[in-house]
Amino acid sequence: MQTEKNTAVTGTCAAGSTQTVDRDLLSVRSLGIQIRSAGEPIDIVRDVSFDVRRGETVAILGESGSGKTMTGHAIMGILDTPPAYVSAGSITFQGRDLLALPDRERREVCGRNIGMVFQDSLSALNPVFSVGFQIAELFRKRLGLGRKEANTKAAQLLDLVEIPNAGQRLKDFPHQFSGGMRQRVMIAMAIALEPELLIADEPTTALDVTIQAQIMDMLARLCVEREMGLILITHDLGMVSEFADRIILMYAGRVVESSPAAALFTASAHPYSRALLESVPKLADQHTGLKVIPGSPPDPRDVGPGCSFAPRCSHAVPVCLTGVPPTLEVAPGHLSACLFAEEIIRHV
Amino acid sequence: MTDPVIVEVVAEAEKSVDPHGPVSRAEAEAADDRSHGVWIDAWRTLRRKPMFLISVGVIFALALMAVFPGWFASGDPNKGVLANSLDGPSAGGWFGFDVNGRNVYTRVVYGARASLTVGFACTVGTTLIGILLGATAAYSGGFIDTLISRIADMLLGIPFALAAIIVLSTLTTFQTPNWQVEIILILTIVIFGWPSIARVLRATVLTTRNADYVVAGQALGLSGTRVLFRHILPNAVSPILVLSTMRVGGYIATEASLSYLGLGLRPPAVSWGQMVSDGQAYLRTAFHVLLFPSIFLAITILAFVLAGEALREALNPAKRK
Amino acid sequence: MLKFTGRRLLQFIPVLIGATIICWGLVWALPGDPFRGRCGQVACSAQYIQTMTQKYGLDKPLPVQYMVFLKNMFTGNLGQTFSGLEISDVIARALPVTARLALISIVMQIVLSAAIGIYSGLRANGAFDVTALFGSLILFSLPIFVVAFIGQYVLGVQLGWVKPTVSTEAPTSELILPAAVLAIGTLATLMRILRASVEEGLNADYLRTARAKGFKESRVIGVHLMRNVMAPALNVLGLEFAALLGGTVIVEGIFNIKGIGGLIYRAIQDREQLTVSTVVTLVIVFYLVINLLVDIACAQLDPRSRND
C-alpha cells in the first residue's frame with residue numbers, strides 16, 4: 001500500500017498559501033471499508049483520499065455500488081456495524097482523528113460539526129413523530145434548550161429552508177409533506193446545529209427536476225451563507241458540473257480521478273471518466289444513438305488485484321490487471337489512477 | 001382459542017406483494033410463471049427442514065390414528081376393569097388407567113378422531129367460506145363489500161370462545177346426541193371463524209389487483225380469467241394456507257376446551273378435552289389420567305402450528321436467504 | 001385526530017348493536033326451548049314452561065324482546081337468575097376479583113413479552129431469539145386448561161409453593177398463579193409481534209437519521225425505535241383481550257375463583273341462560289370498548305393510521 005502519494009491533494013484555490021491551513025475541514029486518507037458477512041471480509045471501499053475545505057463543495061461521483069454512500073456514512077460514523085466497518089485509513093476533521101475518538105465525543109461531532117442529508121426523506125424521517133418534534137429534539141437534547149425555545153428555533157429553521165406557514169407545519173407528520181418539502185425538512189434538521197460540514201447523499205434523486213433545482217439552489221445558498229463545506233454524493237453529472245468545486249470520481253470502491261470540477265469535463269485523465277462523459281446524450285448527436293460503456297461494474301467480491309476498470313477499458317494492457325495503477329498528478333490538484341493518464345489528457 | 005397470527009399474516013401478505021417498480025413485458029411474463037416458481041422453491045426449502053418433516057410425520061400418524069384406531073390400540077376405549085381404577089402406567093397399560101379402570105392409552109388413541117374431525121372440518125369450512133366471501137367483497141366493492149366487511153367486524157367483535165360457549169349452552173342439552181353436538185360445534189366455529197380468513201383474502205386481492213405486474217398483464221392483453229387465476233389467486237393462496245394450517249391447532253384447542261367445559265362431545269364418544277375434564281378430580285392422586293391426553297393435545301396442536309410456521313417461512317420470499 | 005375519533009365512533013355503534021343482537025339472539029331467538037333441560041333428565045311440565053315464558057317475556061315478538069333487553073341493560077335492571085338472585089348483585093360481587101386477576105395478568109404479559117420480545121428482536125437470530133421463538137410456539141400450542149393443570153400440579157401439589165385453589169377472599173398472592181396461566185396463553189402473540197417490529201425497525205432508515213443527529217444509543221432505540229413498535233403491539237394486546245376473556249372462564253373454573261369467568265362457568269353448568277347471555281353481552285361490550293380505545297390510542301401513536 002502506498003499511502004504517501006495521497007498527501008498532496010490540493011484544491012482549486014490558492015494552493016500552498018497560509019490561509020488554506022485554517023480553512024481545512026476534513027481530510028480523508030486511504031480510507032478502507034469492509035463488510036464481513038459469513039466468510040471472508042469483502043472490500044467495499046479501498047484507499048480513498050480527499051480533502052474538504054470551508055465553503056467548498058466536493059462531489060463524490062459514482063454509479064450505485066461504487067462505495068460513495070458508504071464513504072459518507074463512514075465520515076459520519078454511522079456505518080451499519082456489523083457488518084460494515086472501517087478497515088484502514090484515517091478521517092481527520094478540524095485536526096482531530098475521528099476514528100480515534102471515543103464514542104461519546106464522536107457522537108458530539110454528529111449534527112454539531114457534521115450534518116447529513118439523506119436520500120429518501122420519507123423513510124429517513126421518523127414516521128411517528130411530528131417534524132417539529134424531530135427538529136426541536138436536536139435543540140432540546142443537544143443544546144439543552146427548553147421545549148418552547150426549541151420550538152421557536154425549529155419554526156425559524158423551517159422558515160429558512162423556505163417552507164410556507166412554517167409555524168403551523170411544525171405539528172405535521174412527515175407523510176403529510178410533499179417530497180420536496182420533506183427534503184427541505186431533512187436539510188433543516190441537518191443544518192440545525194450549524195455544522196461546518198454537510199454531507200448530502202443523493203439529496204434530490206427522488207424529486208421532480210424543477211424541485212431538484214430549487215433544493216440544490218437552496219443548499220448552495222446555505223453553504224455560501226454559512227461557509228459550510230459540502231460533500232455532495234451523487235451520480236448526476238449535470239448536478240456536479242453546476243454545483244461542485246472538486247470532483248472525486250469513484251469506481252468499484254476506488255477513487256479513479258480527482259480533479260477541480262471544470263477539469264473533469266474539459267481535460268479528464270481517466271478512461272472511465274472519458275467513457276462516462278461520452279455516455280451522456282447530447283442534442284448534437286441524436287442520430288448516432290446512445291454510447292454505453294461495455295460490460296458492468298464488478299461484484300465487490302471478485303475485484304481482481306489490478307485496476308477495477310481494466311476489464312471494461314479500451315486502453316487496458318495486461319499489466320493493468322495485475323497491479324493497481326499508481327495515482328499520477330497530471331496537473332496541479334488533478335489526480336488520476338491510470339497508467340496512461342498523461343496520454344489521455346493530451347488526447348483531448 | 002385465540003386469533004393469534006392474523007395480524008402478522010395480513011401484514012406479510014400486504015408486504016409480499018410489491019406494487020412498485022417498472023414492469024417490462026419480460027417481467028410480466030416472468031411474473032406469470034412465478035406462481036410455479038414460488039411453490040417449487042417453497043417445496044425445496046421445506047424438504048430440508050427437519051421441523052417441517054417431523055410435524056408432517058406427526059400429523060400423518062395422528063390422521064392414521066383417527067381413521068384406524070384399531071391399528072394402534074386393541075380393546076374397547078369405554079370398557080374398564082374397576083380393579084385397575086387409577087392404576088399408574090405399567091406394561092399392561094402404558095398410560096395407566098382412569099377411575100373406571102379404562103385404559104388411558106386406548107382412550108387417547110380413540111380420542112384423536114374427535115379432535116382431528118373438528119380441526120379438519122372447521123378448517124375446510126372457514127377457509128371455503130372465508131375465500132368465497134372475501135373474494136366477493138373485494139370484487140363487488142360498494143354495498144356488498146361494506147355489508148360483508150361490517151358483518152365480519154361484528155363477528156370478530158365477539159370473543160370466539162364466548163360465542164361458542166353461548167351457542168352450545170343454548171342449543172344442546174345432556175340429551176342431545178353426539179353427532180348433533182359435533183355439527184353444532186363445527187358450524188359455530190365456522191360461523192365465527194370465517195371473518196379472519198375473509199379479511200386476509202380481501203386485503204390480498206385488493207393489493208394484488210393494483211400491483212404493476214397485474215396491470216401490465218392486463219395491458220398486454222392477458223385474459224381476465226388468466227390474470228385472476230395466474231396472478232391474483234396464487235398471491236392470496238400462500239397467506240391463506242399459512243393462516244389455515246396454523247389455525248387447525250386453534251380449532252382443536254377450542255374443541256378440547258369446550259369438551260372440557262362439558263359443552264362438547266360426551267360419553268360414549270371419547271375426546272381429549274373430556275378426558276382432561278374427567279381427570280381433574282384426581283389431580284393429586286392420579287396425575288397420569290390428566291397428563292397423557294394433555295400431552296397428545298399439545299403435540300397435535302404444536303404439529304400444526306410448527307407446520308404452519310415452516311410454511312410461512314418457506315413462502316415468504318423476504319425471509320428466505 | 002378529532003375527525004378520526006368521530007369516524008371511528010360512528011363505525012363502533014353498528015358493530016356494537018350487531019354484536020349484542022347476535023349475542024342476545026343466540027340465546028333467545030334460536031329455535032329450541034331455552035328452558036329445555038332445566039328439569040334434569042325428565043321433560044319440564046307445560047305449566048312450568050308457560051310460567052317461565054311469561055316471566056322472561058318470551059311470548060312477545062322478537063324485536064320487542066330485544067328492545068326490552070337493551071332497555072334493561074341501560075337501566076341496570078338486569079333481571080333475576082332462575083334461582084331468584086338479582087343478576088346485577090351477582091355481577092357486582094364477581095367483578096372486583098376478575099378485575100384484579102385480569103390486571104395482574106396483563107401486567108405480567110406486558111412485562112414478560114416486552115422484555116423477551118424486544119431483547120430477541122434486538123438480537124434477532126441469536127441463540128436467545130431462536131430459543132424464545134421455539135418456546136413461544138410451544139406455549140402457544142398448550143390449551144389454557146393444560147397449562148392451568150400443570151401449574152396447579154407442579155407448583156401447588158408437588159412443590160407446595162402456592163395453594164392449588166384460590167380461597168373465597170382471593171388475596172392477591174393467591175391470584176398470581178392463575179394470572180400467570182392466563183398470561184401464558186396470550187403471551188406468545190404479543191412477544192412475537194414485538195420481536196418482529198423491533199427487528200424490522202432496526203433496519204429502518206430513520207434510526208440512521210437519529211444516529212446522525214448525534215443522539216445516544218439509548219435515545220435512538222428507546223425513543224425513536226420504541227415509539228414505532230408501540231402501535232402494533234398495542235393493537236395485538238387489544239385483540240388478545242378476547243383470548244384473555246375466554247381464558248378467565250376456564251381459569252376461574254379450575255382455580256375456583258368467584259369472578260366473572262367463574263360466574264359464566266357455573267351459569268353454563270346450571271343452565272342459567274339469562275345470566276349467561278347478560279354477562280357475556282356485558283363482556284363483549286367491554287371488549288369492543290377496549291378495542292375502540294386501542295384504535296384511538298394507536299392513531300395517536302402512529303399518525304399514518306389516521307388517514308385523514
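**Figure 1. Pairing of β3(A) with β9(A) in the predicted model.** L61(A) stands opposite L249(A), a residue of β9(A). A second facing pair is formed by A59(A) and I247(A), the latter again in β9(A). In this predicted model, the two strands, β3 (residues 57-61) and β9 (residues 246-251) of chain A, run parallel and are joined by four bridges.

**Figure 2. Burial and side-chain directions along β9(A).** Strand β9(A) is mostly covered, with six of its six residues buried. R246(A), I248(A) and M250(A) point one way from the strand, whereas I247(A), L249(A) and Y251(A) point the other way. Residues on both sides of β9(A) are buried, the charged R246(A) included. In a regular strand, side chains alternate between the two faces of the sheet.

**Figure 3. The hairpin of β9(A) and β10(A).** Strand β9(A) pairs with β10 (residues 254-260) of chain A in the antiparallel sense, over six bridges. Within this pairing, R246(A) stands opposite P260(A) of β10(A). Two residues lie between the strands of the hairpin. One residue of the turn, A252(A), has a positive phi of about 50 degrees.

**Figure 4. The eight-stranded sheet of chain A.** An open sheet of eight strands has the order β6-β7-β8-β3-β9-β10-β12-β11 in chain A, and its pairing is mixed. The edges are occupied by β6 (114-117) and β11 (328-331) of chain A; each has a single partner strand, so one side of each is left without a neighbour in the sheet. On average, neighbouring strands of the sheet are turned by 20 degrees against each other, direction ignored.

**Figure 5. Chain A as a whole.** The secondary structure of chain A consists of 13 helices and 12 strands. For its 348 residues, a compact globule would have a radius of gyration near 20 Å, and the value of 21 Å for chain A agrees with this. Along the principal axes, the C-alpha atoms of chain A fill a box of roughly 65 × 50 × 50 Å. Buried residues account for 46% of the 348 residues in chain A. Among contacts in chain A with a separation of 6 or more, 65% join residues 24 or more positions apart.

**Figure 6. The helical chain B.** Chain B has 12 helices and zero strands. Its pattern along the sequence is accordingly a succession of α elements, α-α-α-α-α-α-α-α-α-α-α-α. Of the 321 residues in chain B, 51% are buried. Residues 24 or more positions apart make up 74% of the contacts in chain B with a separation of 6 or more.

**Figure 7. The contact between chains B and C.** This contact takes 45 residues from chain B and 54 residues from chain C. On the side of chain B that touches chain C, at least two residues each come from α1 (6-16), α6 (142-156), α7 (160-171), α10 (224-260) and α12 (288-315) of chain B. By class, this side of chain B comprises 29 nonpolar, 10 polar and six charged residues.

**Figure 8. The contact between chains C and A.** Here, 19 residues come from chain C and 22 residues from chain A. Helices α8 (205-212) and α9 (217-254) of chain C each supply at least two residues of the side of chain C that touches chain A. The most is given by α8(C), with six residues. The side of chain C that touches chain A divides into six nonpolar, four polar and nine charged residues.

**Figure 9. Well-connected members of the largest nonpolar core.** The largest nonpolar core has 271 residues, of which A188(A), I199(A), I248(A), L162(B), I165(B), I166(B) and I264(C) touch the most other members. When residues up to four places away in sequence are not counted, I264(C) touches I165(B), V249(C), V276(C), V279(C) and V280(C). In soluble globular proteins, nonpolar side chains tend to be buried together.

**Figure 10. The setting of D295(C).** D295(C) is placed in helix α11 (residues 273-301) of chain C. With 19 other C-beta atoms within 10 Å, D295(C) is partly exposed, because burial requires 20 or more. The C-alpha atoms of D295(C) and V130(C) are separated by 31 Å, and the two residues are 165 residues apart along the chain.

How values were computed. Residues numbered from 1 in each chain as written. Chains lettered and ligands numbered in written order. Predicted model: local features only at pLDDT ≥ 70, side-chain atom pairs only at ≥ 80, totals over all residues. Contact = placed C-beta atoms within 7 Å. Buried ≥ 20, exposed ≤ 12 C-beta atoms within 10 Å, placed from the backbone. Pairing = 2+ DSSP bridges. Axes fitted to C-alpha atoms, helices over the stretch in contact; angles between N-to-C directions. Core = buried A, V, L, I, M, F, W, Y, C linked by C-beta atoms within 7 Å. Rg over C-alpha atoms; globule rule 2.2 N^0.38 Å.
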